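Please open the model in your viewer and keep the selection panel at hand; the tour goes from one selection to the next.

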Amino acid sequence: MISRIYVVSNKKIDYINSYLISHEFNNSDVPKIAEALTNPILEKFSINIFPDIGRFSHIIEIGFKPGVTDNVGTTAKETINDLFHLNSNIGLQTFEFSVYTSIIFVIKNRTSLVEVKRIALALHNPLIERSFIASYDYIKKNRDLPLKVPLVILQKNIPVIKVELSKTNDTELEKIGKDGIMDADGTRRGPLALNLASMKAIQQHFIKLKREPTDIELESLAQTWSEHCKHTIFANPIDDIKDGLYKTYIKGATNVIRKKMGKKDFCVSVFSDNAGGIIFDDDYLIAHKVETHNSPSALDPFGGAITGIVGVNRDIIGFGMGAKPVANVYGFCFGNPQDKKKFFKDKTLNQEMLSPRRIMDGVIKGINVGGNCSGIPTLSGFVKFDDRYRAKPLVFAGTVGLIPRIVNNKQSHLKSAKAGDFIVVVGGRVGLDGIHGATFSSVAMDSNSPATAVQIGDPITQKKLSDAIIKEARDMNLYNSITDDGAGGISCSVAEMAKECGGAEVTLEKVPLKYPGLRPWEIWISESQERMTLSIPPAKWNTFQKLMVSRGVEAMVIGKFTNRPKCVVTFNGKEIMNIRMDFLHDGLPKHILETSPPVREHYEPILKKNKSYTKLLENLLKQKNISGFSFISQQYDHEVQASSVLKPLSGMGRINTDAQVFKPVLSSDKGVVLSSALYPSYGDISTYHMAAGAIDTVIRNTVCAGGTLKKLAILDNFCWCSSYDKTRLRELVDSLKACYEYSVGYGTPFISGKDSMFNDFRGFDEKGNPVAISVPPTLLISAISIMPDLHKSVSPEFKNIGDNIYLLGETHDELGGGEYYKMLGFVGNNVPKVNLNKNLKTYLVLEKAIQNELISSALSVSSGGLGIALAKASLGGMLGCQISIKNLPGSTSSTDAKLFSESQGRILVSVSPKNSPTFEKIMKEISYINLGKTTNNGKFIISNKTKIVEISVKKLHTLYHNFSKKMQ
Amino acid sequence: MKNIKHIRQEECKPRVIVLSGYGLNCEEETKYAFELAGGMADIVHINDLIKNPKILSNYQILAFPGGFSYGDDTGSGKAFANKFINHLKKELAEFLSRDTLAIGICNGFQIMTNLGILPGGLAHNKNGMYLDRWVDLEIKNNSPWLKGIKKLSVPIAHGEGNFTIAPDEYKKMLKNKQIALVYVKGEICKFQALEKNPNGAMHDIAGVSTYNGRVLGLMPHPERAMFSHQNPMWQNNKKVPDEGAGLQIFINAINYFSAKGGSAFGGK
């Protein structure tokens, strides 16, 4: 029987919740179910009768497509199970009844069907959702919506096929690599993302074995060898850099720094685990990881972003023996939300790309639901806009974790699966969602991009899993090793853990499924969310299983780890995969990458004379890349875990902070400082200075808030484009050289990183003309620092009337690639260059001044230069100021440069008159200037020789929040 | 913490049960706040309580902490309340009939209204958005949880905090003095130019209690104001005691039992 329960609000009726239930309950039980799904104070229900909501034009029902995660449906099912005390044995499959939820939107005013269809399209994403439109007359006549459930029905397929590779020619090999294995019906399964050299290596390997590979073997190799997993561009030799970029410049830098630090080395686990780990204090380690989830977010922004954030949470849960997520960070690079141009994936213009606004809204919501539902404070973040992020947005999601240094008398960051241990999968079930995610993100997006790569996160399933593991099982010493099921699903996690002991044997039919009919290769590589793989000694399995059942978490033994160096998979007793571990992990052929220098000619523009700097500053403050984004910050819970110290929004004027401070251990006064920085627009001139600028800025931000260079680690996230283009590769090499030089120079080691090398889109414009949109080479640097006493944290806004305002550092003619030129329509050529020695000195004396509690505020001068920094500090404290920029240290030749140059290494500080003499004494070693004082007249005044800017602080406040207000 | 003295012996501290599971997520800091206030708090998973309901009688204070139980699916607090009432109806009634205290914070408050032990319901915020900010509160009744407090500034973080109640129920609530906390324009609102009522709650209601004040539900999070550095105004004046204003609510609960002296666990 199928019943539909409608739940409708007592107050406003603009939508109705619908629960479609396929079941075998008695008729008298259905009202009981309805009651359990209704809050009688706020709502009423009706069963199989469309609720009486008066006259309307149309309704639009939006539900999920078959097989898409329906979280509300899952909860409703649990509620019903509990109501009738049906199953206390989680782990047993019950297909007795199913719940499918949908939302019915009510269009009240008379609206044409064409318009209703347009609204429906705006309300749902056809990749994952379905819509049903009905008119008032239809409802009046039928009194109910159709009782049809979106069941997954899979065709009967041959479970495992052999792929004839031995006699296949190169053209076909290439085609298999690009478009996938061909099924019996002639369709291709989607990208393996294996190039010809890799395909030939596989062909040769199996010729030597005198057999053909099975589909699951080929799919498995494709996952493990994917750019996403193996990072071939960073690993392969490039030009004369024999060890590759990663080993030479990233790991190389960290090794040098750690050696130099000697006993003061605070790194504990770098580059070897799911996240990087540093010392917090004698008792705890802090781990940090930042991921990207760009390709999925382009297709389904909400699903892409939520799986991005809950996915990186799992990197932390899988750090060492399991760390507790204590903070989330995010970063968004979007196209202009006002951009209305349309693009299509296919030449026939049927597959329209989502608009930048749609992508932005979905991504912001995804991080909202993922972070808020998980009880992890979302503290730190940024948003950047550039038209080139229009097709593929960049979505950065990161998590900080906390773990005791010693767990069960062992160092917690070490773990190792042992031969004989059970392979246990914990958490969500496996469906078709997320198939080919790893290989898909390793290629450019076009009309063949697989829809199954899209997934929806279920933060509550993960929260249950996370709590059960890191708050209980870990400390009960119930497992030997743990890792996250991310890209490539269990095919990657099992193969990865098997390295710790030798090999693995998997009985694939044991993997719990969302619905029957999946083929073995699909089960093996599916990236269905909220799963982790553990290595559990057989003697501890019972205790572990009982614990999981009592926490509502599903766990299943799917095989065992062995000491034979093979990865073997069976399905219902039949061996379907048998690959040597060394071939699986190291069989990928190396090839030498080559680069060539990009041709770049940029000139400094000639700027107009006689202009109003007041107007220019006002306009610049309104720019999306400069103004506030409180509409994002305030919808993310940043107070949960009671750890907030320096918040995302600060001061009377609620300005966005560049660095945030929190207290991960409630009984300790030690603080953790987080920040991030990126300058994609500098990369238009020089990717070397782009990287240097990001490193310098992130360090400066962190020190301004109270962090210390003695304990400051950084993370890299490279999001490149067209990475087979030799000039793009040269730009990559340039940026890595800067990474090495500046991280070593500042003594700030890289502890973790990630790259996403193909952020390109190939499609068509409205006229069917081919277009290619690539993101600008983007490097995000994130920082984490431990401060000894959080009470010394400093916020960026002015605080007291009559404080002295100082600028530390030197200002030069460096407007190139900056926000001021961008506003005027220029790129320019004089990109800011980092003077390491001078800046390091500045940061060290600033640290000293902060530790001595001498300063009232510190704001890192970055995008928009000194003018914007002054405006933010002023409106942040809602205090006026009287400033003279006549004698800035450095070499500026114009007022424009003085106000808006983005020269690195500068900090805007305010100091009480009482502390000023001591402060100035400490600053003696560096270039600095007293710019003026904060005032009580509410006026923001800057003079050069004469007065050049006068704006009321109230107006600054309005301008700064203008964009955010519009987006709310 | 410098100014809180742990003077009570472990065994005679009032005992607090803080529930966890299915997406509740503020249990650790809530436990910490009760312990900072001098209590002894245990985090207990709802399934463990269902398995062994008798343990509820060992406690004097019951806390439903904040969180996102069941992801707010089927309505905030609804699914968790269903589970609780399905298995623990009798024990809950027994607990409340004793001289005990209970508190529901945020999602915990939503759970309590769904359990029917507090009046009203919590609908979606007026603009439909999840919101994290600080609010100013004025205390309206004599709940033991609120003793000696007149005004209080603490944060909220929720998507469904719009307190809703039928007119006749509201009258009843007024008569019984069940309105415990209301949103007002105080120092935080003035500081950051924010409106007093963050979610559209009827009559500006932020928290309600039972007629005797022993059961309190509130949307704001006092445990997120247990340290002074959590307050957005702290950067402007750091010369204040370490503990934040929110802690008093937890201290009041502990003192309620300590002051009685004679109760089984709460003697001085």
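Begin by selecting Ile423(A), which stands opposite Gly559(A) in E20(A). This is a predicted model, in which local features need pLDDT of at least 70 and side-chain atom pairs count only at pLDDT 80 or more, while totals for chains, interfaces and linings use all residues. Residues are numbered from 1 along each chain as its sequence is written, and chains are lettered from A and ligands numbered from 1 in the order in which they are written.

Extend the selection to strand E16 (residues 422-427) of chain A, where six of the six residues are buried, so the strand is largely enclosed by the rest of the structure; buried means that 20 or more other C-beta atoms, placed from the backbone, lie within 10 Å of a residue's own. Strands here are DSSP runs of at least two E residues, and helices are runs of at least four H or I residues, numbered from the N terminus. Add strand E20 (residues 555-562), joined to E16(A) by five bridges and antiparallel to it, and then strand E19 (residues 531-536), which is also antiparallel and joined to E16(A) by six bridges, with Ile536(A) as the partner of Phe422(A).

Next, select helices H26 (residues 865-877) and H29 (residues 953-967) of chain A, which pack at an angle of about 105° with their axes 9 Å apart; axes are lines fitted to C-alpha atoms over the stretch in contact, and angles run from 0 to 180 degrees between N-to-C directions. H26(A) is therefore roughly perpendicular to H29(A), a term covering angles of 65 to 115 degrees.

Note on methods:
Angles under 35 degrees count as roughly parallel, over 145 as roughly antiparallel, 65 to 115 as roughly perpendicular and the rest as oblique. A residue is buried if 20 or more other C-beta atoms lie within 10 Å of its own, exposed if 12 or fewer, and partly exposed in between; C-beta atoms are placed from the backbone. Two strands pair if DSSP finds at least two bridges between them.
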